[in-house]
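Trainee: I would like a close look at one part of this model, with its contacts and its setting in the whole chain. Please take a single loop residue as the starting point and work outwards from there.

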Amino acid sequence: MKILAIIPARYASTRFPAKPLALLNGRPIIRCVYERVAEVFPDVCVATDDERISNCVTGFGGKAVMTSTEHRSGTDRCFEALQKYGGDFDIVVNVQGDEPFIDASQLRTVAACFDDPDTEIATLVKPFPPEAGVEALQNPNSPKVVTDERGYALYFSRSVIPYLRGIPQEQWLSAHTFYKHIGLYAYRTDILARITRMPQSTLEKAESLEQLRWLQAGLKIKVGLTDIETIGIDTPEDLQRAEAFLTRE
């Protein structure tokens, strides 16, 4: 399989403007992400809507593709970048531009999902540890996933799934393994082209999770398993926590 890894990166952000260019341990966040991804995949590019990000990427020797400012999601931005990048690729891996601690094993795991020929889209999950507490499990910003026996997603939800009937909620994490969705995606290139043409579905609108559009359309999403907790950077406070994490390392 020939794989293109694409890192969507916008300049505008309500909670953290210019986030890709913010410095983490003296380097722009986008560079930290790019270099981690390049350790695994030989073909990598940043898909951006801002020349400042593009110039930063090319300045450290990376590849960047300018894309529209009108995209609704990173998935749409990835498809435009794929078209402009050129080449004949089988798989696109979509790595969020605010995940500077993405691990090589996670990238390899999501790519390995396509060893199964039935896989159309792949993503990752991580078990909620029992010590996380029920508050972490109930957090709507941490979508949960349930899968079938072959490891294909049945549903994603901001609610806790499954519901454990007859068991007190404070005991749920010790009674069952719940899975948190990790927002790393990969798609067969023909499927990526297809999903970008789909209108929003009712389930997607209800939960504000674009992967529900794909499930509702009948696509098969293979779920890989990771036990590594990454640190995403959504706010300036997250950046401070990331700096503190590096200091502890």
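Mentor: What follows starts at I231, moves to the residues around that position, and then turns to the protein as a whole.

The model is predicted. I231 sits in the loop that runs between strand β11, residues 221–225, and helix α10, residues 236–248. Is I231 buried or exposed? Neither label applies: I231 counts as partly exposed because its relative accessibility is 23%, and the buried class is reserved for values under 20%.

Which residues does I231 touch, once those up to four places away in sequence are set aside? The list is D98, E99, P100, F101, A242 and F245. A242 and F245 in that list fall within the range of α10, 236–248. P100 is 131 residues from I231 along the chain, yet the two C-alpha atoms are separated by 7.5 Å.

F101 is the next residue to examine, as a contact of I231. F101 is placed in the loop between β6 and α4, the latter covering residues 104–112. With a relative accessible area of 9%, F101 is buried, whereas I231 is partly exposed. Beyond four places in sequence, F101 touches L24, R36, T230, I231, A242, F245 and L246. A242 and F245 therefore appear in the contact lists of both I231 and F101, because a contact here means heavy atoms within 4.5 Å and each list includes them. For a distance in the other direction, F101 and L154 are 53 residues apart along the chain, and their C-alpha atoms are separated by 28 Å.

T235 belongs to the loop between β11 and α10, as does I231. T235 counts as buried, because its relative accessibility is 14%. Its contacts, not counting residues up to four places away, are R15 and F16. T235 and K222 are 13 residues apart in sequence, and their C-alpha atoms are 30 Å apart in space. The pair I231 and P100, by contrast, has a sequence separation of 131 residues and a C-alpha separation of 7.5 Å.

The loop that holds F101 begins after β6, and N94 is found in that strand, which covers residues 91–94. N94 counts as buried, because its relative accessibility is 5%. Its side chain makes a polar contact of 2.9 Å with the side chain of Y187. Y187 is also on the contact list of N94, which leaves aside neighbours within four places and otherwise holds I6, P8, G74, T75, C78, L184 and Y185.

T189 also reaches β6. T189 lies in helix α7, residues 189–195, and counts as buried because its relative accessibility is 18%. Leaving aside neighbours within four places in sequence, T189 is in contact with L82, F89, D90, I91 and V92. I91 and V92 lie within the span of β6, residues 91–94.

A few backbone features elsewhere complete the local view. Most residues other than glycine have a negative phi, and most peptide bonds are trans. The peptide bond from I161 to P162 is cis, with omega near -5 degrees. P162 is in the loop between β9, residues 153–157, and α6, residues 172–175. N25 has a positive phi, near 55 degrees, and lies in the loop between β2 and β3. N25 is exposed, because its relative accessible area is 55%. S208, likewise not a glycine, has a positive phi of about 55 degrees. S208 is found in the loop between α8 and α9 and counts as exposed, because its relative accessibility is 54%.

As for the setting, the protein has 10 helices and 11 strands. Its radius of gyration is 18 Å, which agrees with the value near 18 Å for a compact globule of 249 residues. Along the principal axes, the C-alpha atoms fill a box of roughly 60 × 40 × 30 Å. Of the 249 residues, 52% count as buried. Among contacts between residues at least 6 apart in sequence, 68% join residues at least 24 apart. The exposed area is about 12,000 Å², with carbon and sulfur atoms supplying 47% of it. The mean positions of the 28 positive and 34 negative charges are 2 Å apart.

Terms used. Residues numbered from 1 in each chain as written. Predicted model: local features only at pLDDT ≥ 70, side-chain atom pairs only at ≥ 80, totals over all residues. Heavy atoms only, no water. Helix = DSSP H or I, 4+ residues; strand = E, 2+ residues; numbered from the N terminus. Buried < 20%, exposed > 50% of the residue type's maximum accessible area, 1.4 Å probe, protein only. Rg over C-alpha atoms; globule rule 2.2 N^0.38 Å. Areas by Shrake-Rupley, 256 points an atom, 1.4 Å probe, with all protein chains shown as cover. Lys, Arg positive; Asp, Glu negative; His and termini not counted. Charge placed at Lys NZ, Arg CZ, Asp CG, Glu CD. Polar contact = N/O pair within 3.5 Å; in protein donor to acceptor, adjacent residues only side chain to side chain.
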